[in-house]
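Here are a few short exercises to work through with the coordinates open. Try each one before you read its solution.

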Amino acid sequence: MYSLNQRFDNRDIPEDELLTSGNVACAGCGASLSMRLALKGLGKPTVLAVPACCWTIIPGAWPMSIMGVPLFHCAFETTASTISGIKAAYRKRGMDDICVVGWAGDGGTFDIGIQALSGTAERNDDVLYVCYDNEAYMNTGIQRSGATPIGSWTTTTPVKEPKSEQKKDIDAIMIAHKIPYLATATAAYPHDMIAKFKKARSIKGTRFIHLLAACPTGWRMPENLSIKVMRLAVLSNIFPLYEVENGETYRQNVLPDEIIPVDEYMHLQGRFRHLTSEDIKDYQKMVNKRFEHLREEFEKNR
Amino acid sequence: MRKVLTGNVAVAYGAMLSDVQVVAAYPITPQTTIIEELATMEAEGLVDMDYIRVESEHSAMAACIGASMGGARAFTATSGQGLFLMHEMLHYATGARTPVVLANVNRAAAAPWSIWSDQTDSVSQRETGWIQLYCEGNQEVLDTTIMAFKIAESLRLPAMIVLDAFFLSHTSEPIDIPDKDAVRDFLPPFDPGDLWLDPNNPRTFGGITMNDAYMEFRWQIQRDMEKAKAVINEVHEEFAKVFGRKYHQVEAYQAEDADVVMAVSGTVASTSRDAIDLLREKGQQVGMVKLKTLRPFPREEIIEALKGKKKVAIIDRNFSPGATGIWAQEIRSALYELPEGDRPLIYGYIAGLGGRDISVKVIESIYQKTLKDDRPDDVDMWIGVNYV
């Protein structure tokens with residue numbers, strides 16, 4: 001465990017780049033940076049399956065690809081079952097050292113892909129599932145998903161009727177599957193994120209990493225705010241960075257020295273601009289409540 | 001070795017003898033005993049495979065596609081609703097050029113629920129790019145399972161074995177089990193070439209394709225589907241040489257001098273043989289063609305078999321609302337190419353939906369109606385329906 005102010009050693013970040021330049025992500029894309037860091041943590045041999053999501057587009061259109069590891073574009077709801085199948089093939093062919101990774105957005109994970117994900121996790125298939133969560137269907141143009149926060153504007157939850165339901169707690173759902181490893185991470189904390197991918201690679205069974213990935217386009221903010229906003233999500237406890245082993249041992253990995261109000265995170269983003277101070281107060285209460293529950297779990301492991 | 005096996009167990013034997021490497025499956029009546037048998041075979045060490053007990057048929061096909069992309073021989077089985085749920089992934093398997101093999105035990109579509117035989121599930125997958133191989137008996141089921149892997153892998157196209165619910169799936173017949181070593185010679189291990197997720201050769205598969213390239217990928221599928229007609233015949237030949245049993249995409253029975261030719265598929269072929277024998281004893285000039293392949297559709301062979309016949313009676317245990325039975329559509333369309341004098345009259349019959357029996361008596365009545373009527377009363381004629 002380390003505090004936010006701990007000095008990091010950049011020599012811990014592998015120099016190898018498993019992506020070439022020239023991807024077609026939007027400027028400031030959190031998902032694009034996340035992949036770069038994740039592959040640094042994972043190294044080779046690694047094989048990816050990616051469903052319909054922004055990452056369908058980011059690597060480039062056929063016959064171009066920025067990928068330095070094999071990538072299979074799978075159907076939207078099939079990330080988990082696809083990687084279960086790929087891993088089974090490698091196991092049968094004596095290539096069990098290959099790390100098989102599913103890389104899906106929040107729509108593909110929280111919504112349409114949750115059945116397959118639950119199946120893979122319940123079987124504890126030996127795969128790593130990564131959800132890069134940008135909190136809406138960004139690739140199709142910012143539609144509400146089960147990961148969209150309450151109060152948020154999207155193109156299907158207009159300002160006059162913003163999303164009225166809470167974000168689905170995917171971490172709790174995955175923890176309930178008692179998988180050997182779950183972690184949250186964000187590219188604003190690259191050392192933490194790389195360490196988690198390295199650790200995930202070393203563990204057998206279903207591993208789940210939940211990444212918060214800022215989307216300037218969909219969050220309605222300037223692209224140079226991506227890292228800052230992801231950092232503020234952590235500092236405000238909206239997206240605490242932690243890991244859970246076997247569904248029971250919780251550990252907080254980044255301990256903010258001071259918790260900032262959620263408003264500091266929200267007011268930078270156009271998707272929350274219509275919210276009243278009452279709404280923000282409610283949001284703060286909700287975040288506090290969820291974190292309180294997590295804190296109890298962290299305490300158990302102290 | 002001879003054994004008394006149900007059609008479903010015959011499928012499992014076929015997959016086991018084919019050294020299948022990955023099975024991903026989900027239970028559904030009437031298919032379930034296939035995957036039960038495979039689970040037993042795996043547990044007893046009869047086959048060295050990875051068995052993924054998925055949470056749905058959709059995931060079953062997705063996992064098979066993943067396994068195939070990983071370079072393994074992959075298999076699954078399903079029926080009815082399960083095949084309908086897989087539909088998206090059936091298209092995906094073809095596009096990804098993964099030679100997955102699937103056994104479909106024909107089951108009627110809900111609602112209302114019915115677990116009995118009806119081809120509407122498999123014929124609804126006509127446009128997915130799967131090779132479809134229909135079977136008449138349990139020996140054919142076992143043999144076709146082995147051949148399906150060889151056909152699929154040589155073309156990089158997925159293949160479906162189709163057998164009737166209960167009439168085959170749960171009915172026992174004495175059948176010959178091919179020798180495992182002979183099967184291994186006939187069907188070598190799956191060689192994915194360079195079309196797999198090889199960490200030493202990082203490539204991206206299935207990404208976004210612009211409109212300057214997509215059509216070419218589809219054309220390649222069509223080119224290989226056309227090639228499949230010859231490949232299937234070659235595999236049938238080779239199988240016959242090794243195992244002594246010969247199958248045909250279009251098999252004629254007593255058709256040479258027949259005035260009325262029945263066109264049938266699945267177990268209706270076996271009942272039709274009996275009906276034709278009985279009618280022949282009474283001096284009736286009747287024969288049949290049995291169709292084994294729906295895709296690729298054996299257009300040239302069906303034209304050859306039916307050219308110059310007076311009347312063709314097609315029995316469809318399936319149907320497309322607002323149109324006709326699927327075999328009737330296909331045959332009608334193929335025969336249109338013939339000059340008018342050589343083009344038979346087409347009598348399309350819908351029978352046996354939801355597992356209603358198509359007995360010798362039913363087939364005889366279809367023959368008598370076809371013989372008697374100068375022209376068909378309608379594009380499709382429903383047999384044995386109580387109109388209410």
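**Exercise 1.** This is a predicted model. Start with B:Pro112: find the loop that holds it, then check the peptide bond before it.

*Solution.* Walk along chain B to the loop between strand 5 (101–106) and helix 5 (120–123); B:Pro112 is found there. Now look at the bond between B:Ala111 and B:Pro112: omega is about -5°, so it's a cis peptide bond.

**Exercise 2.** Do the same for B:Pro296.

*Solution.* B:Pro296 lies in the loop between strand 13 (293–295) and helix 10 (299–306) of chain B. The peptide bond from B:Arg295 to B:Pro296 is cis too, with omega near -10°.

**Exercise 3.** Is B:Arg156 buried, partly exposed or exposed?

*Solution.* First place the residue: B:Arg156 sits in the loop between helix 6 (138–155) and strand 7 (159–164) of chain B. Its phi is near 55°, a positive value in a residue other than glycine. Then count neighbours: 18 other C-beta atoms lie within 10 Å. Buried needs 20 or more and exposed 12 or fewer, so B:Arg156 is partly exposed.

**Exercise 4.** Which residues and elements make up the contact between the chains?

*Solution.* Chain A brings 38 residues and chain B 36 residues. On the chain A side, the elements giving two or more residues include strand 2 (46–50) and helix 5 (114–123). Helix 3 of chain A gives the most, with 11 residues. By type, that side splits into 21 nonpolar, 12 polar and five charged.

How values were computed. Residues are numbered from 1 along each chain as its sequence is written. Chains are lettered from A and ligands numbered from 1 in the order in which they are written. This is a predicted model: local features need pLDDT of at least 70, side-chain atom pairs count only at pLDDT 80 or more; totals for chains, interfaces and linings use all residues. Two residues are in contact if their C-beta atoms, placed from the backbone, lie within 7 Å. Helices (H or I, at least four residues) and strands (E, at least two) are DSSP runs, numbered from the N terminus. Ala, Val, Leu, Ile, Met, Phe, Trp, Tyr, Cys and Pro count as nonpolar, Asp, Glu, Lys and Arg as charged, and the others, Gly among them, as polar.
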